[in-house]
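Visitor: I should like a close look at a single part of this protein. Please take the residues there in turn, and then set that part beside the rest of the chain.

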Amino acid sequence: MLGIHEIGLFILSGVVLNITPGPDSVYVIGRSMQMGWRGGAAAALGISCGCFVHVAGAAIGLSALLMASSTAFSILKLVGAAYLVVTGLQMLWSRPTLASDLDEPVRSSLQRVFLQGVFTNALNPKVALFFLAFLPQFVAADAPHKPLAFLTLGLIFIFTGTLWCLVLAAFAARAAYRLRQPEGAIAWVNRALGGLFIYLGIRVAMLETR
């Protein structure tokens, strides 16, 4: 009815892509080691919400419009790059938070982790390009409801990705608890995450305008 074909291949391809190590996986693992499972789950849910922005954009055509406009692409690219670099610098300078230190006031920290996950993906043009290239391969050219088909496929992809990230968060949090990492080790995790964000910001800034 939606014009979706080879749904099994789509799900398999999505799972393979989701479990392939990448910046999102590193971010979830790092936050889990710092803040326990709640920190990793907040990161995972934030990443998923950021991806949904692009899925919705692909479904209604905004992503295609963004890719067709060099000015819009450049603005999003520079805003996203600046956000990533500033966030990375904040991580490098911030005091590490141990999972054992989490209490009621640290809910704001979890919200910050969630929003970082959202904006890291929502402000990254590469994510928009990925969904524009990947989703149409599984939708028939004569599909009567292309936006709904794109949205359905995108939600399936996000669902499997979220499950995988939550599994990563659980394993990383458990490993960190068993190792009982000292504050110094957690500080290095924070620096690694900060370096990752700065690297991603530079990569985004170097993207060629479409």
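In which helix does Ile-7 lie?

Guide: Ile-7 lies in helix H1. Some conventions come before the details. The model is predicted, so local features are reported only at pLDDT of at least 70 and side-chain atom pairs only at pLDDT 80 or more, while totals for chains, interfaces and linings use all residues. Residues are numbered from 1 along each chain as its sequence is written, and side-chain values rest on heavy atoms, with hydrogens and water left out.

Helix H1 spans residues 7-19. Helices are DSSP runs of H or I with at least four residues, strands are runs of E with at least two, and both are numbered from the N terminus. With 13 residues, H1 reaches 18 Å from its first C-alpha to its last, close to the 18 Å expected at 1.5 Å a residue; the expected span is 1.5 Å times one less than the number of residues.

Within H1, Phe-10, Gly-14 and Asn-18 are buried. Because these residues cover an arc of only 60° around the axis, they sit on the same side of H1; the arc is taken over the directions from the helix axis to the C-beta atoms. Buried here means under 20% relative accessible area, exposed means over 50%, and partly exposed lies in between (1.4 Å probe, protein chains only).

Ile-7 itself counts as partly exposed, at 39% relative accessibility. Together with Ile-11, Val-15 and Ile-19, Ile-7 forms a nonpolar patch on the surface, with about 280 Å² of accessible area in total. Patches are made of residues with over 30% relative accessible area and no salt bridge; like charges are joined within 9 Å, and nonpolar side chains (Val, Leu, Ile, Met, Phe, Trp, Tyr) within 5 Å. A salt bridge is a side-chain nitrogen of Lys or Arg within 4 Å of a carboxyl oxygen of Asp or Glu. The areas come from the Shrake-Rupley method with a 1.4 Å probe, and for residues only the protein chains shown count as cover.

The segment before H1 contains Glu-6. Glu-6 has a positive phi of about 50° although it is not a glycine. Most residues other than glycine have a negative phi. Glu-6 is partly exposed, at 49% relative accessibility.

As for the setting of H1, the protein has 8 helices and 0 strands. Of its 210 residues, 44% are buried.

Helices H2 (residues 23-60) and H7 (residues 146-179) also merit attention. Gly-36 belongs to H2 and is buried, at 11% relative accessibility. The C-alpha atoms of Gly-36 and Ala-173 are 4.8 Å apart in space, with their positions 137 residues apart in sequence. In H7, Leu-168 is buried, with a relative accessible area of 16%. The C-alpha of Leu-168 is separated by 9.2 Å from that of Ala-44, 124 residues away along the chain. Leu-163, also placed in H7, is partly exposed at 43%. From C-alpha to C-alpha, Leu-163 and Leu-45 are 9.7 Å apart, and in sequence 118 residues apart.

Finally, there are 0 disulfides, a disulfide being a pair of cysteine sulfur atoms within 2.5 Å. The sulfur of Cys-49 is too far for a bond, because the closest cysteine sulfur, in Cys-51, is 9.4 Å away. Cys-51 is in no disulfide either, its nearest cysteine sulfur being that of Cys-165, at 8.5 Å. Cys-49 is partly exposed, with a relative accessible area of 35%, whereas Cys-51 is buried, at 11%.
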